[in-house]
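Visitor: I would like to go through this entry by asking about single points. Please give the reasoning before each result.

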Amino acid sequence: MTSIAKSLSLPVQGMTCASCVSHVEGALKELPGVSNVVVNLGTNKASLSYDPARVTLADMARAIDDVGYSVPTAELTLDVRGMTLRHGERKSNRQGEPCASCVSHVEDALKELDGVTGAVVNLGLNTARVTYVPGVVSVSAMKRAVREVGYEAQERSEGTDALDRERQAREEEIKRQGRNLLIAGVVGLIVMVGTFYDMLGPFQAFVPEWLSYKWVIGLLTTPIVFGPGRQFFTNSWKGLRHGVTDMNLLYATGIGAAYGIAVINTLFPNAGFGGEGATFFESAALLTAFIILGRWLEALTRGRTSEAIRKLMKLQPKIARVIRGGREEEIPADEVEIDDLILVRPGESIPVDGAVTDGYSAVDESMLTGESLPVEKKTGDNVIGGTLNKTGAFKFTATRVGKDTALAQIIKLVEDAQASKAPIQKLADWVAGHFILGVHVLAVVVFLFWFFFGYQMFFDPNSAFILSPYKLGDIGVFGFSLLLSVTVLVISCPCAVGLATPSAMMAGTGKAAEHGVLFKGAEAIENASKLRTIVFDKTGTLTKGEPSVTDVIENPNFQLPNPNEVLRLAAIAEKNSEHPLGEAIVRGAEAHSLSLAEPDSFNSIPGHGVEAQAEGHAVLLGNRKLMRENKVDFSGLMLEAERLEGEGKTVMFVAVDGQPAGLIAVADTLKEHSAEAVKRLHKLGIETAMITGDNRRTAQAIARQVGLDRVLAEVLPQDKAEEVKKLQSSGKKVAMVGDGVNDAPALAQADVGMAIGSGTDVAKETGDVILIKDDIRDVVVALEVAKATMRKVKENLFWAFVYNTLGIPLGAGLFYPFVSLIISPELAGLFMAISSVSVTLNTLLLKGFKPSMRRDDTSRLGTGESVSRLAPVVAGGD
Amino acid sequence: MEHELVEKEVARKSALIYLPVSISAALLFLLAASLAGDYPLVAKIGGAVWVGLLSLIVSMPIVTARVKKQGRQG
């Protein structure tokens with residue numbers, strides 16, 4: 001029997017570096033039935049597919065635990081109602097008495113849910129105690145599962161959602177490391193004062209002499225090493241047992257060696273390890289303190305890079321006001337069902353996606369689309385869950401609920417993107433993952449060199465540690481070699497390398513989402529930053545995809561009572577027409593606020609046009625043939641007609657009372673910002689092209705208006721992908737921007753497929769990037785965010801590698817023969833901490849990034865200019 | 001349960017390889033230090049322990065991972 005593989009995003013606690021990523025990935029990949037494992041250090045999550053018939057969540061949690069990390073779980077109590085004997089279940093009990101089988105029904109229903117690791121029902125208390133993995137399963141899913149087996153469940157206490165849990169876990173980590181830092185920092189400082197007692201000068205009077213005794217310093221260091229420093233030993237041992245090494249091992253070896261030698265030299269000063277002059281208790285103590293300082297700062301700053309997703313999650317409304325049976329009822333938003341009628345008052349958040357059925361209001365959608373002006377909503381308009389109702393009250397029918405809402409899909413897309421790995425990150429992870437063993441090999445080499453050659457050739461008893469008055473004095477060959485070997489271990493930590501890419505990718509995808517651009521993966525960001533050519537689909541992407549009136553030419557020799565009379569009469573004639581060109585004329589007249597009476601008579605002439613009686617006039621509207629057959633002479637307007645046709649427009653001839661009254665040109669018009677988007681792309685040095693099935697003349701007319709570099713006209717839908725391939729064959733990275741089903745193959749073929757949010761589901765599923773709004777300028781936003789993100793990745797990697805490239809030779813004593821100075825292990829620990837924090841802080845600079853278009857928009861808005869139209873549906877559109 | 005038994009077996013088999021490797025590295029160091037110069041005994045022993053420990057750290061994950069891989073293939 002085969003079962004269907006499921007996808008899971010599992011939170012993992014305790015990962016601090018890129019090598020941790022490879023260990024967790026390795027542990028999960030070893031499990032039978034687990035595949036597609038991707039672990040992200042930035043989000044602290046493991047994304048994977050698994051076969052529930054072969055492996056359970058508990059197996060995965062155990063495998064992660066085995067290599068020194070953990071899957072956080074939370075507990076929750078549900079009040080379960082209805083656990084009494086029901087009809088048909090009667091054995092010896094009477095109906096209504098507590099039912100023992102209910103226990104297993106409820107427990108089994110809960111345990112079957114992905115993410116629930118345990119469930120214990122207490123029949124006496126009518127409660128179910130559920131242990132679950134936050135973020136994998138929701139409380140509403142638990143309640144639903146209980147309801148489906150015939151009982152009612154209610155959360156006993158105010159529950160916390162996945163977001164709260166995640167924040168709680170992060171805060172706990174900050175607290176834990178903060179506590180460790182306080183102990184290690186304060187006691188470490190006392191150890192340092194005691195160690196340098198002889199150098200305190202006039203301050204000696206304030207420090208008791210006994211603090212400088214080696215055994216006292218040893219006693220003070222011991223709780224630091226085995227208290228706050230214990231985590232490094234236990235984690236590295238757990239990993240070693242399973243054949244994996246991580247950053248903890250570097251720390252554990254470094255701290256352990258410094259402490260061990262210090263203990264031997266204190267208890268047995270004549271053992272030959274350098275004696276009392278080489279008791280490195282302060283090294284062990286301060287090294288621990290600095291490493292913990294790094295972890296604490298990392299925990300503080302790392303959460304901030306994922307602030308965008310937190311902001312999105314916070315938008316999810318908790319409560320919905322549903323009208324059932326004519327009564328208003330407040331229910332949790334995740335319990336709203338499709339077709340529920342929902343009331344939203346001014347200032348309230350819209351709980352789910354839906355269509356307005358009654359009322360009028362303006363809705364602030366900026367949180368999802370980046371659009372700064374409220375959008376008006378009236379009957380028939382779509383509303384998006386998570387957006388904010390501003391002015392009026394309205395009712396709407398729910399069309400998408402739970403995980404299907406636009407907001408839920410956006411969150412999922414951003415989370416998936418953050419969980420994915422860019423090619424550059426895979427390389428960095430591989431380097432960092434193999435680095436640890438390499439560093440240990442290097443530590444052996446350094447030790448052997450200084451033991452057998454270096455000490456005899458270069459050792460100077462007057463040499464000292466950098467930034468320390470502490471002299472090395474009569475340290476022996478073993479102590480000196482060991483010191484350099486330990487320093488290499490500590491200074492080589494590739495934490496910064498591991499953080500460089502994921503932290504920037506998280507910040508970048510989040511920043512893009514803030515501006516209405518959804519990257520589906522880190523690879524899309526990397527590819528988007530390298531784009532050289534962007535190909536636009538024409539209809540629906542650059543143009544509106546529906547014809548509109550572009551020109552009205554009135555015959556100067558024909559006297560009409562009012563301006564726009566030709567358009568008005570034509571619109572009256574077409575008022576009852578269902579032809580797209582007729583509808584365009586009616587819309588055109590309405591746009592000019594012309595009053596349109598009903599035609600007295602209307603007759604459609606297929607293939608020619610229409611004839612109608614309007615306000616006492618005989619109106620003929622159609623092509624040349626219609627005019628020829630009715631003997632209306634348009635020779636005076638023929639030049640104009642040909643000019644308009646040369647621009648790719650469809651020209652309609654209007655005759656009133658048998659006289660040529662004018663021409664009306666109709667065409668698929670450009671979207672408001674198409675030309676601006678292309679202009680901005682040119683500024684970025686991007687080549688632009690348009691692909692269309694239209695004839696070359698029409699296509700070139702559009703291309704001229706937009707300012708495109710290339711036109712690929714008369715391309716059949718099935719050949720669009722082939723055209724993209726041809727462009728790629730010249731070595732360029734090509735993006736395709738489209739909205740239709742027929743664009744899907746080209747979107748898939750392109751290096752980056754960008755789908756318009758108002759487009760078809762197929763296009764959105766195929767695209768690597770979704771532009772939430774119906775604003776083509778977001779292509780520029782996507783490119784700018786991608787470039788800024790990759791710039792940050794490269795900066796981070798540069799600084800991380802510079803640190804290791806300079807740090808390792810320094811730590812290995814390469815410059816010692818010339819300067820007689822070495823780096824102490826604690827200083828190496830401080831450098832290591834600074835490198836990780838500097839990388840994270842550099843990433844945080846992305847928070848201030850604003851796309852050029854938004855900067856310009858902000859200044860324009862100041863002058864009252866309008867912003868673009870929003871797509872009716874954000875994601876998963878109709 | 002079966003998973004744990006497999007893990008124990010892997011750990012036992014791996015130890016039979018990496019322990020001799022590390023001890024050999026330590027003994028090799030001891031021999032080299034004894035032949036190369038006039039090092040104090042404590043330095044020689046300390047060095048051997050450090051080299052042995054680092055060799056253990058290097059060989060343990062490599063050997064364990066390889067034994068696991070062989071186990072899966074076999």
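Visitor: Is Phe281(A) buried or exposed?

Guide: The model is predicted, so the answer rests on computed values. Buried requires a relative accessible area under 20%. Phe281(A) has a relative accessibility of 3%, and therefore counts as buried.

Visitor: Which kind of aromatic pair do Tyr259(A) and Phe281(A) form?

Guide: The two residues come from helix 8 (residues 247–267) and helix 9 (residues 281–302) of chain A, 22 residues apart. Tyr259(A) is also buried, at 13% relative accessibility. The ring centres of Tyr259(A) and Phe281(A) are 6.0 Å apart, with 65 degrees between the planes. Planes over 60 degrees apart count as edge-to-face, so the pair Tyr259(A) and Phe281(A) is edge-to-face.

Visitor: What is the pair of Tyr455(A) and Phe480(A) called, given planes at 55 degrees?

Guide: Tyr455(A) lies in helix 13 (residues 423–458) and Phe480(A) in helix 14 (residues 477–491) of chain A. Their ring centres are 5.8 Å apart. An angle under 30 degrees would count as stacked and one over 60 as edge-to-face. At 55 degrees neither applies, so the pair is tilted.

Visitor: What is the relative accessibility of Phe480(A)?

Guide: Phe480(A) belongs to a cluster linked by ring pairs, which also includes Trp450(A), Tyr455(A) and Tyr816(A). Within this cluster, Tyr455(A) is buried with a relative accessible area of 18%. Phe480(A) counts as buried too, and its relative accessibility is 0%.

Visitor: Which helix gives the most to the largest nonpolar core?

Guide: The largest nonpolar core has 83 residues, and Leu10(A), Leu28(A), Phe519(A), Ile534(A) and Phe536(A) have the most contacts inside it. The helix that gives the most to this core supplies twelve residues. That element spans residues 778–811 of chain A and is helix 27.

Visitor: Which residue of chain B is named in the second core?

Guide: The second core is separate and has 69 residues. Leu181(A), Leu287(A) and Phe447(A) are among them. The residue from chain B is Val51(B).

Visitor: Which strands are the edges of the open sheet with the order 9-8-10-16-11-14?

Guide: This sheet has six strands in chain A, with antiparallel pairing. Strand 11 (residues 353–359) and strand 16 (residues 394–400) are joined by six bridges, and Gly354(A) has Ala398(A) as its bridge partner. An edge strand pairs on one side only, which holds for strand 9 (327–332) and strand 14 (382–383).

How values were computed:
Residues numbered from 1 in each chain as written. Chains lettered and ligands numbered in written order. Predicted model: local features only at pLDDT ≥ 70, side-chain atom pairs only at ≥ 80, totals over all residues. Heavy atoms only, no water. Pairing = 2+ DSSP bridges. Helix = DSSP H or I, 4+ residues; strand = E, 2+ residues; numbered from the N terminus. Core = buried A, V, L, I, M, F, W, Y, C linked by side-chain atoms within 4.5 Å. Buried < 20%, exposed > 50% of the residue type's maximum accessible area, 1.4 Å probe, protein only. Phe/Tyr/Trp six-rings, centres within 6.5 Å; stacked < 30°, edge-to-face > 60°.
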